[in-house]
Amino acid sequence: AAKMGYPSPICENKEATDVNYNGVLTYCLAHIDDIHVFIGSHNEMSNYLALQVMEDKGIAIDDDRVWFSQLFGMSEHISYNLAQEGYNVAKLVPFGPVREVVPYLIRRAEENTSVKGQTSRELGLLYEERKRRNGEITKSNRESELAG
């Protein structure tokens, strides 16, 4: 961009990226008759925004024109909860030559760690889910943990 004499198309920071992404997301959902949307985001707030816009616009949760996605192994709680509620959800599984896929995955991992507190929160959620699946957490002792 500098070489060609026009402003950089890259957002200055994470906040600017989120504002830009959410603006485009809102625009696409507002024009759902012309634009089908694949919401590939690990950002919880962007996903919540999409749910709110869908509700405001009367877009059915299982509308084939709207899909949510996160990378396989990342933000599982977002994917799981959306799918559990009936939204269209897919997990992205990058494939290809290792020399091309690994740099992509490293960039995505770095981006996800930039979401304040989300990585440690996600690890906690995964730990709790593992305990639940192993039978270590029942509904009654989970409620006790939350109350205490």
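How many helices and strands are there in the protein chain? There are six helices and three strands, where helices (H or I, at least four residues) and strands (E, at least two) are DSSP runs numbered from the N terminus. This is a predicted model, in which local features need pLDDT of at least 70, side-chain atom pairs count only at pLDDT 80 or more, and totals for chains, interfaces and linings use all residues. Residues are numbered from 1 along each chain as its sequence is written, and side-chain values use heavy atoms, with hydrogens and water left out.

**View 1. The order of elements along the protein chain.** Read along the sequence, the pattern is α-β-α-β-α-β-α-α-α. Buried residues (under 20% relative accessible area; exposed is over 50%, partly exposed in between; 1.4 Å probe, protein chains only) make up 27% of the 148 residues.

**View 2. The open sheet of three strands.** The strand order is 1-2-3, with parallel pairing; two strands pair if DSSP finds at least two bridges between them. Strand 1 (37-40) and strand 3 (89-92) are the edge strands, each pairing on one side only. Neighbouring strands are turned by 30 degrees against each other on average, direction ignored. Four bridges join strand 1 to strand 2 (residues 66-71). G40 has S69 in strand 2 as its bridge partner.

**View 3. Helices 2 and 3 on the sheet.** Helix 2 lies across strand 1 and strand 2, at about 170 degrees to strand 2. Helix 3 (residues 76-85) touches strand 2 and strand 3, and its direction makes about 155 degrees with that of strand 3. Axes are lines fitted to C-alpha atoms, for helices over the stretch in contact, and angles run from 0 to 180 degrees between N-to-C directions. Contact means heavy atoms within 4.5 Å.

**View 4. Helix 2 and its two ends.** At the start, a side-chain oxygen of N43 reaches to within 2.8 Å of the backbone nitrogen of M45. Just after the helix, G58 takes a positive phi of about 70 degrees. The buried residues of helix 2 are E44, S46, N47, A50, L51, V53 and M54.

**View 5. The largest nonpolar core, with F68.** This core (buried Ala, Val, Leu, Ile, Met, Phe, Trp, Tyr and Cys residues joined through side-chain atoms within 4.5 Å) has 16 residues. L29, V37, I39, M54, V66 and F68 have the most contacts inside it. Helix 2 gives the largest share, four residues. Leaving aside neighbours within four places in sequence, F68 is in contact with residues including I39, M54, L82 and V89.

Notes:
Polar contact = N/O pair within 3.5 Å; in protein donor to acceptor, adjacent residues only side chain to side chain.
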